[in-house]
Amino acid sequence: MMKHEVLSSLGTAALFAVVGILAFGLAFLLMQKLTPFSIRKEIETDQNVALAIVVAAIILGLAHIIAHAVS
């Protein structure tokens with residue numbers, strides 16, 4: 001009985017991880033589509049540190065929201 005509970009918990013955790021990653025990916029794609037410029041070009045080529053900090057803050061905020069929604 002104990003082995004079945006562990007496998008069930010692992011399956012549930014894996015499912016929530018996949019759902020969370022998909023939600024995060026969709027939110028990130030939406031962010032890229034809503035900006036009128038290329039985020040990648042601004043950060044990599046133009047070395048726009050301020051934009052990199054804003055994108056990092058958005059990523060952390062989304063991750064925090066998704067983690068709480070999944071748990």
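**Exercise 1. Find the salt-bridge partner of D46 and say how exposed each of the two residues is.**

Step 1: D46 pairs with K41, and their closest N and O atoms lie 3.1 Å apart. A salt bridge here is a side-chain nitrogen of Lys or Arg within 4 Å of a carboxyl oxygen of Asp or Glu.

Step 2: D46 has 40% relative accessibility and is partly exposed; K41, at 43%, is partly exposed too. The cut-offs are under 20% relative accessible area for buried, over 50% for exposed, and partly exposed in between (1.4 Å probe, protein chains only).

Before you go on, note that this is a predicted model in which local features need pLDDT of at least 70 and side-chain atom pairs count only at pLDDT 80 or more, while totals for chains, interfaces and linings use all residues. Residues are numbered from 1 along each chain as its sequence is written, and side-chain values use heavy atoms, leaving out hydrogens and water.

**Exercise 2. Work out how E44 and R40 are placed for their contact.**

Step 1: Their side chains form a salt bridge at 3.9 Å, N to O. The whole structure holds two salt bridges.

Step 2: E44 and R40 are about one helical turn apart, because they sit four residues from each other in helix α2. Helices (H or I, at least four residues) and strands (E, at least two) are DSSP runs, numbered from the N terminus.

Step 3: Both E44 and R40 are exposed.

**Exercise 3. Locate Q47 and describe its backbone.**

Step 1: Q47 belongs to the loop between α2 (39-45) and α3 (49-70).

Step 2: Its phi is near 50°, a positive value in a residue other than glycine.

Step 3: With 61% relative accessibility, Q47 is exposed.

**Exercise 4. Which residues make the nonpolar surface patch?**

Step 1: M2, V6, L7 and L10 make it, over about 430 Å². Patch members have over 30% relative accessible area and no salt bridge; like charges are joined within 9 Å, nonpolar side chains (Val, Leu, Ile, Met, Phe, Trp, Tyr) within 5 Å. Areas come from the Shrake-Rupley method with a 1.4 Å probe, and for residues only the protein chains shown count as cover.

Step 2: V6 lies in helix α1 (residues 2-34) and is partly exposed at 46% relative accessible area.

**Exercise 5. Describe the overall fold and its spread.**

Step 1: There are three helices and zero strands.

Step 2: The radius of gyration is 17 Å, well over the 11 Å that the globule rule gives for 71 residues, so the protein is more spread out than a compact globule. This radius is taken over C-alpha atoms, and the rule is 2.2 Å times the number of residues to the power 0.38.

Step 3: The C-alpha trace spans about 60 × 20 × 20 Å along its principal axes.
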